[in-house]
Amino acid sequence: MAEKAEQNIVIVGGGYAGIQVAKQLSKKLDATRYNLILINSRSYAVALPAAVRIVVDGESKLEETSFVKFDKLYANGNGETKVGIVTRIEAQPGVPGGAVVLATGERISYAVLILATGSKWSGPSGIPENEDDVLPFVNAWRQKFARANHVVIVGGGAVGIELAGEVKDVYPTKRVTIVHGGNQLINTTYGSSLRKGMENRLRARGVEFMFNEYIDDIPEAGVVGISTRSGKHISDADLVVSARGGRPNTDYVASLGEDALNGHGFVKIKPTMQLLNHPSIFALGDIIDWNEQKQIAKLKWHVPVVVTNVASFLNGVTPTKKYAGAPEMIVITNGKKGGMGYFGFFGGFTLGDWFAWLVKSRHFMVPHFRKDLGY
């Protein structure tokens, strides 16, 4: 048993990145030599983009399809899921292998470790890690939206835009205001046609905007009135919702030392997606220190690099496949029937409501997510 334990391939995080790596490695690894272990805080994966609909629209019952067990993920049953939260990594710079330590104190050794813990979110997208808390969290948000008269969304990125669209779908007469620190929605990565196009679509539904403004502290639901940093007051706001961008979920990586993370908590990697001083540790997804927008679409380029290089490493060959970045693209919904897509190649171009409906708005890509998990 001890010998087999030393040949654990451990993936931390069962989100989109961890799922795809686990699925590919389960096809490639020799089960007699390697034990593939996926560690996740819940016994199921969450189609997180769908959270903005789940927390608003109880009629959709999307939680019934967006929370998916891992039991069909692994090819030929070559893999196992461990429910737990990693609190630290035990490893020596330059020395292969090590161990992860769970919140329970359990220690799991690894020959290769893959970090795929994604982003931490505030507000309605911050699905709890404890399974017992998930449905109460969802139902509490549904009640908050149902009771509110004026919903103020803090953050005009993709999550804030999509949340506004969901509220307007279910409650078309409620006031909705987006407060955003920039002078246009989203950020300058994307062309003005997308940024203004989404603004115009939401304005047509009655959504209001406050640009170049910030709300620093989110009050409890039911507290009426909120002021921006500059002193502007929204007197009738009775539900203020954080839709600020995610932060890298990497507190546990700090145990590797100061050089593992940058100043914003992203994992420093080589182009081979190995950590700088830990060749047997790989990272991908939202948590990597790479100058790009953090999106699921990037995994199309991240996953092959990690899977190929893990296989090389296990065969005693120096990993050589390198990540060189990926084109920027995004699809942003406006409720169930609309939205826009942006693609950063050919000088950048957008597609409109029909395209957004086809690929995302109608189902938040949950069927594709389920298929990835074998359902």
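## Reasoning through a predicted model

Mentor: Leaving out residues up to four places away in sequence, Glu-213 touches Val-179, His-180, Gly-181, Thr-228, Ser-230 and Lys-232. Keep in mind that this is a predicted model.

Trainee: Where along the chain is Glu-213, and why does Glu-213 count as buried?

Mentor: Glu-213 sits in the loop that joins β13 (208-211) and β14 (226-227). Its relative accessibility is 6%, and buried means under 20%. The value falls under that cut-off, so Glu-213 counts as buried.

Trainee: What is the phi of Met-273, and is Met-273 buried or exposed?

Mentor: Met-273 has a positive phi of about 70°, although it is not a glycine. This residue belongs to the loop between β17 (247-248) and β18 (274-275). Its relative accessible area is 0%, which is under 20%, so Met-273 is buried.

Trainee: What makes Phe-346 exposed?

Mentor: Set its value against the cut-off: exposed means over 50%. Phe-346 has a relative accessible area of 77%, so it is exposed. Phe-346 also has a positive phi, about 55°, without being a glycine, and its loop runs between β21 (338-343) and β22 (349-351).

Trainee: Let's turn to helices. Why is α2 called oblique to α8?

Mentor: The axes of α2 (residues 16-28) and α8 (residues 299-314) come within 10 Å and cross at roughly 40°. Angles under 35 degrees would count as roughly parallel, and 65 to 115 as roughly perpendicular. The crossing angle fits neither range, nor is it over 145, so α2 is oblique to α8. The crossing is right-handed.

Trainee: Which residues make that contact?

Mentor: From α2 come Tyr-16, Ala-17, Gln-20, Val-21, Gln-24, Leu-25 and Lys-28, and from α8 come Leu-299, Val-303, Val-306, Val-307 and Val-310. By class, that gives nine nonpolar, two polar and one charged residues.

Trainee: How many residues are in the largest nonpolar core?

Mentor: The largest nonpolar core has 107 residues, and Ile-9, Ile-89, Ile-114, Leu-115, Phe-145 and Leu-284 have the most contacts inside it. Helix α8 gives this core its largest share, eight residues. Another core, of nine residues, lies apart from it, with Met-210, Ile-226, Ile-234 and Ala-237 among them.

Trainee: What is Ile-114 in contact with, leaving aside neighbours within four places in sequence?

Mentor: Its partners are Ile-9, Val-10, Ile-11, Val-12, Val-21, Leu-25, Phe-282, Leu-284, Val-306 and Val-310. As background, nonpolar side chains tend to be buried together in soluble globular proteins.

Key:
Residues numbered from 1 in each chain as written. Predicted model: local features only at pLDDT ≥ 70, side-chain atom pairs only at ≥ 80, totals over all residues. Heavy atoms only, no water. Axes fitted to C-alpha atoms, helices over the stretch in contact; angles between N-to-C directions. Helix = DSSP H or I, 4+ residues; strand = E, 2+ residues; numbered from the N terminus. Left-handed = near helix turned anticlockwise from the far one by under 90°. Contact = heavy atoms within 4.5 Å. Nonpolar A, V, L, I, M, F, W, Y, C, P; charged D, E, K, R; others polar. Buried < 20%, exposed > 50% of the residue type's maximum accessible area, 1.4 Å probe, protein only. Core = buried A, V, L, I, M, F, W, Y, C linked by side-chain atoms within 4.5 Å.
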